[in-house]
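Here is a protein chain to explore together. Have a look at it, and then we can ask how each label is earned.

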Amino acid sequence: MIKGIVYIILSGMAFFVINFFVKLLGNPDNEVIPHLQKYPAHELVFFRSLVSFVISASIIKYRGLNLLGNNRKWLLLRGTAGMLALTIFFFTLHKLPLAIASTLQYLSPIFTVLLASRLFGERVSKIQYFSSLIAFTGVIFIGFNGLSGSFSGEKPDLFWMGMGVISAVLSGLAYNAISKLKETEETINIVIYFPMLALPLTGIWCLFDFTFPRGIEWIILLTIGIFTQIAQVLMTRAFLATNTAIVAPFQYIGAIYALVSGWFIFDEQLEMASLIGVCLVVGGVIFGTIFRAGKTTKKEEETGLEPETELLS
């Protein structure tokens, strides 16, 4: 149990490092690393995908696996949804405070449950709908801050807040695709479809809008790619080592990382409505996750099965 909790906390820290550096490269007017160039979101996805593809392809070649996998329809769906979700998320990191963009992305487990009822006919209970309502109420509070207050003295972009929700929906779709694939595919085959699809598309985009890296920016871009791979491995090991009900709530410590760093490093002063909204979103998602995992564990205990682990990547 302790090992799984340690893995998930380290995974959250790795994801925080990624989001932190993406925020830096999207907002170069900062005091942390001065004189950085501003990078468009699609270019950050390109470099992230390039590093991930090289690492994943090397592992696949070393293990003698089929690069394209078996269930290619669902692999394509997972890769496309994941690519769109991350690209939109990187844009929101540029346009919104770090805490707000990260919190909106944490709606994805809610959409994972709701989409599962449509894709796989899974029954969604009233409590799960209630947890979804709590989370969406949090989004409304965050949006209320945009109508009545400000983020760091600037008028917030409600359009990008909506795009943040869309990113969470696409992430939920990608996670459902993973649950469909985990019985037939190796984890590395699922992971590689994202960069394999993202590289050509973002590469073409970079032909029209590209910032050539210089100096320390090369190290930052490499760090984003490496920490992406580390975060995925740690998160996978966490869910394999311990029951979902135990480790999943610790995943949302990332929202606290984002809130604290945005406040102290990027000087993002959030109004009370947004702080309440962040708490409601994280609380709603944790509540829904604990209930879903607890119900699954109880069912497995009654049937005498081993606890099921959930693989996310």
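**A charge over a ring, and more**

Arg48 lies over the face of Phe194, 4.3 Å from the ring centre. Keep in mind that this is a predicted model.

Q: What makes Arg48 count as lying over the face of Phe194?
A: The distance to the ring centre is 4.3 Å, and the cut-off for a charge over a ring is within 6 Å, together with a direction within 35 degrees of the ring normal. Arg48 is listed as lying over the face of Phe194.

Q: Why is the pair of Phe46 and Phe47 called edge-to-face?
A: There are eleven aromatic pairs in the structure. In the one made by Phe46 and Phe47, the centres are 5.5 Å apart and the planes stand at 80°. Centres within 6.5 Å make a pair, and planes over 60 degrees apart make it edge-to-face, so both conditions hold here.

Q: Why is the pair of Phe89 and Phe90 called tilted instead?
A: Their ring centres lie 6.4 Å apart, and their planes meet at 45°. Stacked needs under 30 degrees and edge-to-face needs over 60, so this pair is tilted.

Q: How do you know whether these four Phe residues are buried or exposed?
A: Buried means under 20% relative accessible area. Phe46 has 19%, Phe47 has 10%, Phe89 has 8% and Phe90 has 1%, so each of them counts as buried. In the whole chain of 313 residues, buried residues make up 54%.

Q: What makes Phe90 stand out in the largest nonpolar core?
A: That core has 50 residues, and Phe90 is among those that touch the most other members, along with Phe21, Leu25 and Leu107. Another core lies apart from it, with eleven residues, including Tyr175 and Ile188. In soluble globular proteins, nonpolar side chains tend to be buried together.

Q: Why is Trp218 called partly exposed?
A: Its relative accessibility is 41%. Buried is under 20% and exposed is over 50%, so Trp218 falls in between. Trp218 sits in helix H9, which covers residues 216–241.

Q: What makes Trp218 part of a surface patch, and which aromatic cluster does Trp218 belong to?
A: A patch takes residues with over 30% relative accessible area, and Trp218 has 41%. Trp218 joins Phe210, Phe212, Ile216 and Ile219 in a nonpolar patch with about 540 Å² of accessible area together. Trp218 also forms one aromatic cluster with Phe46, Phe47, Phe210 and Phe212.

Technical notes:
Residues are numbered from 1 along each chain as its sequence is written. This is a predicted model: local features need pLDDT of at least 70, side-chain atom pairs count only at pLDDT 80 or more; totals for chains, interfaces and linings use all residues. Side-chain values use heavy atoms; hydrogens and water are left out. Rings of Phe, Tyr and Trp (its six-membered ring) pair if their centres lie within 6.5 Å; planes under 30 degrees apart count as stacked, over 60 as edge-to-face and the rest as tilted. Buried means under 20% relative accessible area, exposed over 50%, partly exposed in between (1.4 Å probe, protein chains only). A nonpolar core is a set of buried Ala, Val, Leu, Ile, Met, Phe, Trp, Tyr and Cys residues joined through side-chain atoms within 4.5 Å. Patches are made of residues with over 30% relative accessible area and no salt bridge: like charges are joined within 9 Å, nonpolar side chains (Val, Leu, Ile, Met, Phe, Trp, Tyr) within 5 Å. Accessible areas come from the Shrake-Rupley method with a 1.4 Å probe; for residues, only the protein chains shown count as cover. A salt bridge is a side-chain nitrogen of Lys or Arg within 4 Å of a carboxyl oxygen of Asp or Glu. Helices (H or I, at least four residues) and strands (E, at least two) are DSSP runs, numbered from the N terminus.
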